[in-house]
Amino acid sequence: MNVSILHISDLHWGRNGSIRHDVLPDSLVNDCRHFSAEEEPRVRAPDVIVVSGDIIHGIDFDVDEPEESLRAQYGGASAFLAGLADRFVSGDRQRVVVVPGNHDVSSYHLAKSLELIDVPSDRQIPLSDQLFSLESPFRWSWKELELYRICDTSMYRKRMSAFAEFYADFYDGQRHFDLDPADQVEVFDYPELGLTIVGFSSCYNNDRLKKQGAIHPACIAEVGTRLRERAFASRLRVAAWHHNVEGSPYRVDYMDPDLLQNLIDRGFSLGLHGHQHRPQYLSTRFRHEVDRKMTVISAGTLCGGPGLGHARSYNVIELCTAARAGRLHVREMQNADGDLPIWGRRVLPTVGQRYLEFDYDPPPPPVASTGGATPVLMEAQTLHLRGAYRNAADLLTGVLQRDSLSRPLLLDCLVRLKDAESIVDLFDPPVSEAEAVHLMDALWETGRRDRLSELLAQPLVADSDDPSVAEMREKYRARAR
């Protein structure tokens, strides 16, 4: 097995009576020692961490100081996840995939967005039809037997603002969670692992009065378009979200299973989720002619209230990308001491073994290339985001003459690498003021004084009123005297 995913879910950070958070990271590291070095068969230590929602436990709609309460819960969760990144993936937070869950939806902001609706008797049937549509602005409260309508859509979107703030902070501003549900999707690409993980929000129009999970259709379409590019052709595609895709007749807090058909149609082979507080394995086949399937795995809760018949647990998923084979290992809390948890193997009742072996489908064949540089640029952007500037620069150099969009990204990579020679070779003559600024530095550093003097006299530099260009121009004019 050449890839290992640590799959945790339902942290419910801030929940009273949970596992002690200060000892939890050490207990997971200690368990990694057990499964990777002491138990048989050996399990590969994690390469990537997936956190499939319910990062915090959340707040009630009438809590005092709601913003502060949310920030406090997310602050603790962020510190915990940063600690996991340090211990398992060398501090690389880009190897931690985080998606929101229903507990990350603020009930306070929902309540602030609602108005009470007085329903005349002649309007009851039409309103009941509207109530159950996916994008309905109406909400029914069984507790109060009252009908509400979302009257402030900007406040309603803010129900995810605390999660968005936590998200940007955790990723040091390199990733952002958009409050527009049509843009709540993130691609985490790992070329070195042959793996692409897409984090979806299944909280589209989800709140405490509308508990159904859903992914915005635009998110699936956007990812389908992007993954169709040649750069992703050989990657195993994994989708991560929060809600389960089946439930009992008396529950409504799960996601429409037909969404899996759309994910399969976009080439996803593996899906990871949480929400139901119990581990589960499903194999779902595509119903629309093409012979494909999707393996769907649920993690139990790490810190929340365990499901019936299950203790707190998490998963380790090993993958062999060449053989398209996997193993699911469920690690369950073995003792009753929440202050000092001990984790161990759980026998999977469906197979009677301590792990479950499965196979999965390969990614679909790529769409025929149009000869453009877009796939290379997208792959280079992913490498740049992860700090692999040399790899990104090597990709971009090959398409520099065919794609002007690659120039700014390539220049930034070379500046970060302090590669003055390559800047001179590739960006002389400059075509923008930004290029001229860095080229002046590179010419000076490589000792090409005559060429620097020529550049200072060219209109792009000599006539520029851009403050950065003017500062560099005067700096090197003074040095040349």
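1. A good place to start is Gln261, which sits in helix 8, residues 258-265. This is a predicted model, so treat what follows as a reading of that prediction. Is Gln261 buried or exposed? With a relative accessible area of 4%, Gln261 is buried, because buried means under 20%. Leaving aside residues up to four places away in sequence, Gln261 touches Thr284, Arg285, Phe286, Arg287 and His288.

2. Next, the aromatic rings. How many aromatic pairs turn up in a search of the whole structure? That search finds 17. Take Phe163 and Phe166: their ring centres are 5.7 Å apart and their planes meet at 55°, so the pair is tilted. Both residues belong to helix 6 (residues 161-170), where they are three residues apart, or about one turn of the helix. Phe163 and Phe166 are both buried.

3. Another pair to look at is Tyr171 with Phe188, also described as tilted, with 5.9 Å from centre to centre and 50° between the planes. Here the pair links distant parts of the chain, 17 residues apart: Tyr171 is in the loop between helix 6 and strand 7, and Phe188 is in strand 7 itself. Tyr171 is buried, at 1% relative accessible area, and Phe188 is buried with a value of 1% too.

4. Zoom out a bit and these rings belong to a cluster. Ring pairs link Tyr74, Phe163, Phe166, Tyr167, Phe170, Tyr171, Phe177 and Phe188. Keep Tyr167 and Phe177 in mind, since both are named again in the lining of the largest cavity.

5. On to the empty space inside. There are two cavities of 30 Å³ or more, and the largest holds about 80 Å³. Its lining is made of 14 residues, and those nearest the centre are Val98, Tyr167, Phe177, Glu186 and Gly199. Which elements give two or more residues to that lining? They are strand 3 (96-99), strand 7 (185-190) and strand 8 (195-200). Strand 7 gives the most, with three residues. By class, the lining of the largest cavity has eight nonpolar, four polar and two charged residues.

6. The second largest cavity has a volume of about 50 Å³. Its lining consists of Glu39, Pro41, Val43, His329, Arg331, Arg345, Arg354 and Tyr355. Sorted by class, that gives four charged residues, three nonpolar and one polar.

7. One of those lining residues, Pro41, is worth a second look. The peptide bond that runs from Glu40 to Pro41 is cis, with omega near -5°. You will find Pro41 in the loop between helix 1 (24-38) and strand 2 (48-52). A cis bond also joins Asp428 to Pro429, this time with omega near 10°. Pro429 is in the loop between helix 12 (420-427) and helix 13 (433-445).

8. While you are checking the backbone, look at Ser90 and His275. Ser90 is not a glycine, yet its phi is positive, at about 55°. The residue is in the loop between helix 2 (66-88) and strand 3, and is exposed at 75% relative accessible area. His275 has a positive phi as well, near 80°, and is likewise a residue other than glycine. It lies in the loop between strand 10 (270-273) and strand 11 (280-285). In contrast to Ser90, which is exposed, His275 counts as buried, at 12% relative accessibility.

9. Now the second largest pocket, with a volume of about 400 Å³. Its lining has 15 residues, with Asn102, His103, Ser107, Arg208 and Lys211 closest to the centre. The class breakdown for this pocket is seven polar, five charged and three nonpolar residues.

10. Last point, the cysteines. How many disulfides does the structure hold? The count is zero. Why does Cys203 not have a bond to Cys219? The sulfur of Cys219 is the closest cysteine sulfur to that of Cys203, but the two are 12 Å apart, too far for a bond, because a disulfide needs the sulfur atoms within 2.5 Å. Cys203 counts as buried, with 2% relative accessibility. Cys151, on the other hand, is partly exposed, at 44% relative accessible area.

Note on methods
Residues are numbered from 1 along each chain as its sequence is written. This is a predicted model: local features need pLDDT of at least 70, side-chain atom pairs count only at pLDDT 80 or more; totals for chains, interfaces and linings use all residues. Side-chain values use heavy atoms; hydrogens and water are left out. On a 1 Å grid over the protein atoms alone, a cavity is a set of points where a 1.4 Å probe fits but cannot get out, and a pocket is an open set with protein on both sides within 12 Å along at least five of seven lines; lining residues have an atom within 4 Å of a point. Grid points are joined across faces, edges and corners, and a volume is the space filled by probe spheres set on the points. Helices (H or I, at least four residues) and strands (E, at least two) are DSSP runs, numbered from the N terminus. Ala, Val, Leu, Ile, Met, Phe, Trp, Tyr, Cys and Pro count as nonpolar, Asp, Glu, Lys and Arg as charged, and the others, Gly among them, as polar. Buried means under 20% relative accessible area, exposed over 50%, partly exposed in between (1.4 Å probe, protein chains only). Contact means heavy atoms within 4.5 Å. Rings of Phe, Tyr and Trp (its six-membered ring) pair if their centres lie within 6.5 Å; planes under 30 degrees apart count as stacked, over 60 as edge-to-face and the rest as tilted.
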